[in-house]
Amino acid sequence: MTDPAPIPKHEKPKVAFYWCASCGGCEETVLDLDERVLDVVAAVDIVFWPVALDFKRHDVEAMPDGSILAVFVNGAVRTSEQREMAQLLRKKAKVLVALGSCAQLGGIPGLANLSSRQGVLASAYCESPSTVNPEKLFPKTLYKENGFSVSLPELFETVRSLDQVVDVDYYLPGCPPTPKILWEAVPVLLSGILPPKGTVLAPDRALCDECPRKDTRPEKLMLKEFKRPQDVMIDEQTCLLVQGVVCLGPATRSGCEALCPQGNMPCTGCFGPTSRVRDYGAKALSSIASIIDSNDEAEIEKIVQTVPDPVGTFYRYSLPSSMLRRRKMEESVTSDE
Amino acid sequence: MAESKAELVQVTTNGFEPKIVAFFCNWCTYLAADLAGTSRVKYAPNIRVIRTMCSGRVDPQFVLDAFARGADGVLIGGCHPGDCHYQEGNYKALRRVRMLRRVLHEMGIEDERFRLEWISASEAERLKAVVNDMVEKIRALGPLRLEVKHEDLPEEVVV
């Protein structure tokens, strides 16, 4: 960020939204503010929002650096275009906010870090059961015909969270963030009295703290088997862990008002870690593995196997921001310079 | 002396020397390492010992951090089952290790690079055997070099 231009008093603060590798759910959060979105529009000017407004990249490029009060970027970064846009918006923003799990932690697209670019492309363009591609055509980044050329952005080997590409000021967690979280963040960002850089704008306690099932959880909880939601008739009142369902509430930040447990489903960890945790998955794994009710090695192994996909379970939203970041592939996959 | 130094330099420049981070519990395995020292038991110099109060204190984050920062292997040493100074810290370690092992496996880190061993305060010889065996196995696997790979990540250029 270079010298931010002073904002004239009579002008409304400017706000922008952008999406990278995401599903659009975070955009939905903005719309889910319902009629309150009118209050937001009354207070700010939305100067860029590809999903809803017809401003283009060159419009953003023409803005002075630092002239947008807050830019909300959702989605992980996995193409050269997304990286360029993140860098451009970082330059134009006073405050850059990572909106949602993908921007904050890498999110669901981040699970592609279990594979390579080649693996991802092969899966999408050849191997998936619904794909018919007998000529094995793959997207090219550059295509020329009759003197004309069209190009596509490069796909990276590794999916990244937003802060692995540009400097991020604040985080709004969630897949997607709840309208409440976003709504509460707006006055904070507009007030000018900003929290410390890097703050996650959500409560800093574990989800169990605000779960309505909290009181049904016994002091000592031990399990002989982990169950998947489809394998059990889930009681609507009792703590999901007590019922054997892997619920990541103990390791996950609160703020969503326990939406999933209230919908009779376990927490899958989209709000990410609290501020004391560096690697969400490791901590979630730790909390779940510790309640295995056995001291016998063979039996422990048997119980551990009842979690069918540990990486997908514990790192569902956070693989790129984990300490290991991606699967170690055969040589020369991540260092293809 | 000079000769052994030259030998050492040759080994570290030509051959790969595994770096292993070893978390040893205060009450058993750390004492075994101590005993190995005072009894002049010789074993491979590849482990960097970190003393924790209990093997149950070893947060999975410690293990991942070690790998991410350049360890080729991680060894956790604790008291034998039933002997934990804190009753069942070692069982908690065992449960977490079993789950973490599956995550590491999925992440492409070979099983031999991560090990949990019960080594009591009197088992200096066992410590020697475990360390030597682990060093040999990791030497055969070659370096993990995650920290180097991580360095490449931010500047990844796709060709």
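Where in chain A does C247(A) lie? In this predicted model, C247(A) sits in the loop that runs between α7 (179-191) and α8 (259-262) of chain A. Loop or not, C247(A) counts as buried, because it has 27 C-beta neighbours inside 10 Å and the cut-off for that label is 20 or more. Leaving aside residues up to four places away in sequence, C247(A) touches L240(A), L241(A), P261(A), P266(A) and C267(A). L324(A) makes a handy reference point further along the chain: C247(A) and L324(A) are 77 residues apart in sequence, and their C-alpha atoms are 23 Å apart in space.

Zooming out, chain A splits into domain 1 (14-108 + 157-191), domain 2 (115-156) and domain 3 (207-314). Taken over C-alpha atoms, the centres of domain 1 and domain 3 of chain A are separated by 31 Å. These two domains do meet, with eight residues of domain 1 of chain A in contact with eight residues of domain 3 of chain A. On the domain 1 side, helix α5 (residues 101-105) of chain A gives the most, with three residues. Sorted by class, that side of domain 1 of chain A comes out at four nonpolar and four polar residues, with no charged ones.

Then there is the contact between the chains, which takes 34 residues from chain A and 32 residues from chain B. On the chain A side, β8 (155-160), α9 (280-289), α10 (297-304) and α11 (310-314) each supply at least two residues. The largest share of that side belongs to α9(A), which puts in five residues. As for chemistry, the side of chain A that touches chain B has 15 nonpolar, seven polar and 12 charged residues. Charged residues thus turn up here, whereas the side of domain 1 of chain A that touches domain 3 of chain A has none.

Over in chain B, helix α2 (residues 29-38) is worth a look. Its buried residues are T29(B), Y30(B), L31(B), A32(B), A33(B) and A36(B). As a reminder, an α-helix has 3.6 residues a turn, so residues three or four places apart point the same way. What covers the buried residues of α2(B) includes the strands β1 (20-25), β2 (47-52) and β3 (73-78) of chain B, along with the helix α5 (124-141) of chain B. Just after α2(B) comes a backbone detail: R40(B) takes a positive phi of about 55°.

Definitions and conventions. Residues are numbered from 1 along each chain as its sequence is written. Chains are lettered from A and ligands numbered from 1 in the order in which they are written. This is a predicted model: local features need pLDDT of at least 70, side-chain atom pairs count only at pLDDT 80 or more; totals for chains, interfaces and linings use all residues. A residue is buried if 20 or more other C-beta atoms lie within 10 Å of its own, exposed if 12 or fewer, and partly exposed in between; C-beta atoms are placed from the backbone. Helices (H or I, at least four residues) and strands (E, at least two) are DSSP runs, numbered from the N terminus. Two residues are in contact if their C-beta atoms, placed from the backbone, lie within 7 Å. Ala, Val, Leu, Ile, Met, Phe, Trp, Tyr, Cys and Pro count as nonpolar, Asp, Glu, Lys and Arg as charged, and the others, Gly among them, as polar. Domain bounds come from an automatic or database domain assignment.
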